[in-house]
Amino acid sequence: MSNLDKTIRLIIAAIIFFVFGFVCQCWWWLIGLVPLLTAVYDCKDGALLVDEISNGFHYSVMHNLWKVLINAAIKNNTQLFVTTHDVDSIKGLRDAAIENYKDIIAAFKLLKTSGDELNAYHYSLESLDYSINQEIEIR
């Protein structure tokens with residue numbers, strides 16, 4: 001292979017990287033979704049625990065991430081238990097749930113009391129939506 005061929009291939013590779021790496025960043029989240037979907041399918045008819053779901057994902061894809069993940073869980077009869085401290089992830093869940101999943105989404109906030117007792121507070125979709133809109137701390 002001549003130097004000219006190598007240079008042309010390098011230029012083509014740089015163009016592809018630029019187009020798909022910078023212009024189309026919205027598609028990179030699919031790479032991070034593969035392990036989650038694999039886990040959902042692996043836990044068919046069971047439960048899946050996911051800690052800090054928003055790690056590695058841009059805030060702009062959280063709505064689509066939740067839609068895809070919930071659809072996969074429904075199709076595989078997999079119950080999801082997901083933790084997050086990220087308000088953008090919670091907003092994405094709310095937006096996905098309002099569209100299609102009003103009756104199957106529940107959110108809980110865990111707080112430790114001064115006596116080291118752990119209390120769970122249930123959020124219906126309506127109360128979750130209200131808390132987000134009023135900027136009430138829900139994480």
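A residue counts as buried when its relative accessible area is under 20%, and as exposed when that value is over 50%. Keep these cut-offs at hand for the exercises below, which work through a predicted model.

**Exercise 1. Get an overview of the chain**

Task: find how many helices and strands the protein chain has, in what order its elements run, and what share of its residues is buried.

Solution. Start with the elements: the chain holds 5 helices and 4 strands. Next, read them off from the N terminus, which gives α-α-β-α-β-α-β-β-α. Then turn to burial: of the 139 residues, 30% are buried. The accessible surface adds up to about 9,600 Å², with 58% of it belonging to carbon and sulfur atoms. Finally, look at the contacts between residues at least 6 apart in sequence: 64% of them join residues at least 24 apart.

**Exercise 2. Explore the largest pocket**

Task: work out which residues lie nearest the centre of the largest pocket, and which element gives the most to its lining.

Solution. Begin with the space itself, about 1,000 Å³ in the largest pocket. Its lining is made up of 32 residues, and those nearest the centre are Phe-81, Val-82, Ala-106, Ala-107 and Phe-108. Now go element by element: two or more lining residues come from each of β1 (47-50), α3 (62-75), β2 (79-82), α4 (87-100) and β3 (107-112). The top contributor is β3, with 5 residues. To finish, sort the lining by residue class, and you get 21 nonpolar, 7 polar and 4 charged residues.

**Exercise 3. Find the two sides of α5**

Task: decide which residues of helix α5 are buried, and which exposed residues sit on the face turned away from them.

Solution. Helix α5 spans residues 125-133, and its buried members are Leu-125, Leu-128, Ser-131 and Ile-132. Viewed down the axis of α5, these buried residues fall within an arc of 125 degrees, so they line one face of the helix. The spacing helps to make sense of this: an α-helix has 3.6 residues a turn, so residues three or four places apart point the same way. Turn the helix around, and the face away from the buried side shows the exposed residues Glu-126 and Tyr-130. What lies over the buried residues of α5? The cover includes α4, β3 and β4 (118-123). One last stop is Glu-135, which follows α5 and has a positive phi, near 55 degrees.

**Exercise 4. Compare two loop residues**

Task: for Asp-45, say whether the residue is buried or exposed, then do so for Glu-52, buried or exposed.

Solution. First, some background: most residues other than glycine have a negative phi. Asp-45 is not a glycine, yet its phi is positive, about 60 degrees. Glu-52, also not a glycine, has a positive phi of about 50 degrees. Now place them: Asp-45 is in the loop between α2 (29-42) and β1, while Glu-52 is in the loop between β1 and α3. Apply the cut-offs next. Asp-45 has 55% relative accessibility and so counts as exposed. Glu-52 has 18% and therefore counts as buried. As a final step, check the neighbours of Glu-52: leaving aside residues up to four places away in sequence, Glu-52 touches Thr-83, Thr-84 and His-85.

Note on methods: Residues are numbered from 1 along each chain as its sequence is written. This is a predicted model: local features need pLDDT of at least 70, side-chain atom pairs count only at pLDDT 80 or more; totals for chains, interfaces and linings use all residues. Side-chain values use heavy atoms; hydrogens and water are left out. On a 1 Å grid over the protein atoms alone, a cavity is a set of points where a 1.4 Å probe fits but cannot get out, and a pocket is an open set with protein on both sides within 12 Å along at least five of seven lines; lining residues have an atom within 4 Å of a point. Grid points are joined across faces, edges and corners, and a volume is the space filled by probe spheres set on the points. Ala, Val, Leu, Ile, Met, Phe, Trp, Tyr, Cys and Pro count as nonpolar, Asp, Glu, Lys and Arg as charged, and the others, Gly among them, as polar. Buried means under 20% relative accessible area, exposed over 50%, partly exposed in between (1.4 Å probe, protein chains only). Contact means heavy atoms within 4.5 Å. Accessible areas come from the Shrake-Rupley method with a 1.4 Å probe; for residues, only the protein chains shown count as cover. The arc is that of the directions from the helix axis to the C-beta atoms.
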